[in-house]
Amino acid sequence: MNCELLATCSALGYLEGDAYHKEADCLESVKDLIRFLRHEDDTRDVRQQLGAGQIVQNDLLPIIIQHGQDKALFDACIRLMVNLTQPAMLCFGKVPDDPVFRHHFLQVTSHLQAYKEAFAGEAVFGILSETLYTLLQLDWEQRQEEDNLLIERILLLVRNVLHVPADPCEEKKVDDDASIHDRLLWAIHMSGFDDLVKFLASAQSEQQWSMHVLEIISLMFRDQTPEGLVSAGHARSAEEKHRDSQELEALRQKELATKRSRTLQRGTRHSRFGGSYVVEGLKSIGDRDVIYHRNVHHFKNYTHDTGKAVRRVPKRNRQARECKDKRRSALNVRLFLREFCVDFLENCYNRLMYLVKESLIREQTQQHDETYYLWALSFFMAFNRGNGFRADLVSETMSIRAFHYIERNITNYYEMLLTDRKEATSWSRRMHLALKAYQELLLTVNEMDRSQDESIRQSSSVIKSNIFYLMEYREIFLTLLRKYDETRQPHSYLKDLVESTHLFLRMLERFCKGRRSLMVQKRKVRRKRSHGKKKPSAPDTSPEALGETWKIVEEELRASGFQLSESLTENTVPFDATSETPLEEQKSEAMVRVQDALLARLAPEALGLLRAAREVWPEGDVFGSADVEPEEELELLKQILHANLPRSSPPEPAEEEEEDAAELEEEELESIQVSEKEFNFLDFIKRFSNPGIVRPYLLLLKSYSKNTPHTNHCIARMLHRLAVDLKMDAQIFQLSVFNLFNKILSDPAAAAYKELVTFAKFVLNRFFSLAARNNKAYVELLFWKNVGAVREMTEGYSIDREETKPTWTEVEEEELRNLYEAHRHSEEPDIVETLLPLLSNSNRTRRHVVMQLVHMGLVENAKALKKPKKGTQIVLWTEEQEEELQMLYEEYKDSDDVLGNLLKKLTAKRSRARVVDKLLSMGLVSERRQLYKKRSRSAHGKSSGKAMSEEEFFEELTQGLPDDSGDRDEDEEEDESEEESEEESETRHVKRRSRSLPSTEERGPDVGNTVYALQQEGLSGPLMWLQRSLYKTAIYRDNDGCSQDVPVVPHGKENEDAMENQTFRRLLRKLGLRPPANEQEIFWRIPAEISESRLKSAVAALSLREEEPKGGEEHDGSRSPIGESQEKEVEEKEVEEKEVEEKEVEEKEVEEKEDGKEGEVSGEHRAQALRALRLKRQRKRHTSGHTAPVSDFTPSEETDNILERSREKTSNKRSRLLDDDNEENANGAAPVTAMETNDDPDSDREDISAPVKRRRKLVLIDDEDEED
């Protein structure tokens, strides 16, 4: 022992006789030992040395027994013993593989076994019980934290001692003899500790110890079985006597058979020579017969493997080891445990199991603690079932929730068994424990069926109807049998699985017999292939159909009084805010939507769309004037219904714009469909007719002599269901099965297995009767057979082929030969498809023709007539084909669909991808985008040849009304002039930096009336706030290139009140904003689908007006959209934002200095910051110097400025990156001063409409400080 450890142990005290004398430093020495244990190494050397010194037996236990009144010393000793009795598995983590660490592991385990023997005395548990009783007497308010810790340590100490495994070498006890564990249990009983455990399990105020109590109880009953405890103290029943007599009779028959065989083996006279024999028909290594040199009586045990070395079975193929067998404890121990079970079920079981279940569900326990719950469920429910069944004692665990919880754990354990292979044994044991719990639930339900109480039988029927209805409970045994692996799951697991399956099938069969029909749940995974959306059928537009439709629509509108519901009014949006099509061009699409609603006879929706479109497009009174009468609306709807509107062509399929331009592949979609079906018990049994399920039964049958009679009955019943009920006896025709049947039939104790013997004879008779008809039956013995193989074996191998084989007459063969000779040299890619329509017999399939051509010798094999794959196999291009492609491209390069025309006109048909690649390689196009189908953005391009144009239709609807065609022509001229000046604006830096809002190019929804109404209500401030939010979002999306839903968060009381205004909300919907989708969202959101250009159009539509707008009237761009009072308000907000930004800049500088990142700014980052600084400086200078001329810009000039600034951000990016940094370093402080001094009140308008991106500003100021 280590010197320091030896000195510390000596300082504890000494034992003189039965009295222990502690030293003055005893308490400090105990604390030192705790400290030593805290710093021990991986070999647990301190623990081994203290165990070798017997510190627990000679010092710690005498201290707590004789000096228990010293509370501090008692607490320290309990702490030390809890640490020393910790299981070896927790100390080392697992059983070590290394021999050295394995030795240390065994040493620690041997010391723990010595500790357990020392604890097996009444004195130790007497003092522990007294201390625990005193602590539990304290009320919850009086109990200190130290008291709770001491209670927990006492419980942990008892749990650790009970957990110590028995030593098989030392404890060679027989049944009914007292082992160390039995002596420990008796000490617990005599000290009254078991009563304290029951109190902790039942007390309302002690529920925090529920998991510790359940662990202690499970370890107390570790070696016990419920059946053994139930029969303790009772005389043997008649059933037990009969079973014992059967076992004795079987042993007696075996002994008599052995004696008879020995008598037959002895000869009439002694033979000094064994003799040599030739075994005819049994070949040796060569072609000669085997020569046998032993006594002829032993010949039946002869095999070719005699004398060979036994091959070592690989570790991964060995059968799983069984857990240790249960033993029967001493009678007095079993009696006290029986009484404990009775009291526990009556007073504690339901409450304790409820608390533990809640802790497990809430994950308040440690890992794998659910195994204690599963053990307690199976053990105490089995005890209750055997000890005068009472359903109320186990009501907590007798529910569908318990079935679901156990089924989920079984599934989880099996998944971990497959994935965590190193711990496969542990997962297998847990899975076995869960299976035992599930089996006990079924046994309890079965016991409830036989109860005298009608309510209990009714409850049982409810539970059975649930577990039989749901598929996961109904098919769990099918899955477990199919997944059984003998290398990972022990033989006892298979035994319980077979017995549980037998019980479940018996219950299900009885349940089905009592009902005419049983409906069960069925889940089906459907895999469907999506072939693209089908085109909707066109509506009937005949005059008669339109007249009938109009009558229905008119009657519905008149009946409703032209009134619409509030939901329909608010949710109707006449335009698509996410579309790239300009808002003006969506006017005709809105008209088409109104017509579609009328054709579908949806009168309210059509009227709602018409009124919503009137608010968006009031100019020209296309959708009616603002004060239109209901009769006028009705007449307008009638004109729309009968009009031939210009409908846009359907969008091109997405694959035409793909780079590879391949065909749309079929996509498999999976969906789980839950439905109900009528249950058929025989169909359910058919699912067990599978070699993967039959094989585990036969594997268990191999140990028939060790199985219980009930286990053999379960096996025979399942095989009887397959062989007799399903008539699938041929599935058992297997050589290994017949070898097993031969062993059963030749067993001397065969009389004890009458059921197996009868079944074996039945199967063998069926086989020999089949072998008389099928001479291949003996070969079939070598293979396991599925349902198809069984059918072929019993009904004939060629039955299917004879039924489906087509017959050809001589005339048909001659016709096929002539047709093939006539077309064999043609250039048809698939000659079979050419011959099929020419045959006189139209019922011939492609397979029939191919098989006949091969049979007639016209082709070598079926591969020569293989169906060609879709697509062309032409890869190389000839010079003529290239010239043809170039001529066709020159001819159609200006058409709307260049690629489509090329594919139609090419002589040699090729795929779209190959044509595109060839055009790129020849240099005719520079990028694939040039070959996309062009989409016309003008209204003329969308009109078809037969339908009238959009302008003609609008003119017809607005006859007699003011025309604004001149304004539209001017707008189109402005658009053309802007397109012509795009290249010039990209190359020169225009100094006009006005922040006026875009107005004409992409006009937002005309919400002038709504904006004016809100302005009159005093909501100008919220309108400006909404305008700023939309423009900031547009700038961020323009710079970042990515978008997402942006919440519109109102700041201030005024904006929050505006969000509650119905008119303001209607404005948000017209702009395309989305209300909160569910209760998780609070704010309105700007959808991610709205592009930057659409947002700017919405900003333009929100321009504040001083006069009420008139329909179709364009406002003068010279009027300032924001008043002076609003500019002051915005200026104040801008000052606040600057102060916040300066603080953020200072914080960012401090963080960067702390992180040491001052010198890591890349050159590209610096160039971007300088570019942003230059843009900001130009805006400020231009705004301060040109405040007055801003109002002189026309709308087209304002739009040009917006486009010009957006182009400069993208196209001139590289040129700005090449600016000289030295020039900026020379004037580093000047621009900041200019920015601060040149701020005018007029410049507020600029910041409101287009604020600078805050992130760029932070980087800009940071870089300037670094340069300084």
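**Why these labels fit**

Me: Why does lysine 513 count as exposed?

Reply: In this predicted model, lysine 513 has a relative accessibility of 67%. The label "exposed" asks for over 50%, so lysine 513 earns it.

Me: And glutamate 509, is it buried or exposed?

Reply: Glutamate 509 has a relative accessible area of 19%. Buried means under 20%, so glutamate 509 is buried.

Me: What makes glutamate 509 and lysine 513 a salt bridge?

Reply: Their side chains meet with N and O 3.9 Å apart. The cut-off is within 4 Å, so this pair qualifies. Both residues lie in helix α23, four residues apart, which is about one turn of the helix.

Me: How do you know whether α23 is enclosed by the rest of the structure?

Reply: Look at its residues: 17 of the 23 are buried, so α23 is largely enclosed by the rest of the structure. From its first C-alpha to its last, α23 reaches 33 Å, close to the 33 Å expected.

Me: What makes arginine 457 and glutamate 454 a salt bridge?

Reply: Nitrogen and oxygen of these side chains are 2.3 Å apart. That is within 4 Å, so the pair counts as a salt bridge. The two residues share helix α20 and sit three residues apart, about one turn of the helix.

Me: Why is arginine 457 called partly exposed?

Reply: Partly exposed is the label between the 20% and 50% limits. Arginine 457 comes in at 29%, so it is partly exposed. Glutamate 454, with 47%, is partly exposed too.

Me: How do you know that glutamate 890 forms a salt bridge with lysine 893?

Reply: The closest N and O atoms of the pair are 3.3 Å apart. With a cut-off of within 4 Å, that distance is accepted, so the salt bridge stands. Glutamate 890, at 43%, counts as partly exposed, and so does lysine 893, at 36%.

Me: How many salt bridges does the structure hold?

Reply: It holds 34. Salt bridges can also link up, as in the network of Glu40, Arg44 and Arg47.

Me: What makes the reach of the serine 191 side chain to alanine 187 a polar contact?

Reply: The serine 191 side chain comes to 3.0 Å from the backbone oxygen of alanine 187. The limit is within 3.5 Å, so the distance fits. The backbone oxygen of isoleucine 188 is reached as well, at 3.1 Å.

Definitions and conventions:
Residues numbered from 1 in each chain as written. Predicted model: local features only at pLDDT ≥ 70, side-chain atom pairs only at ≥ 80, totals over all residues. Heavy atoms only, no water. Buried < 20%, exposed > 50% of the residue type's maximum accessible area, 1.4 Å probe, protein only. Expected span 1.5 Å × (residues − 1). Polar contact = N/O pair within 3.5 Å; in protein donor to acceptor, adjacent residues only side chain to side chain.
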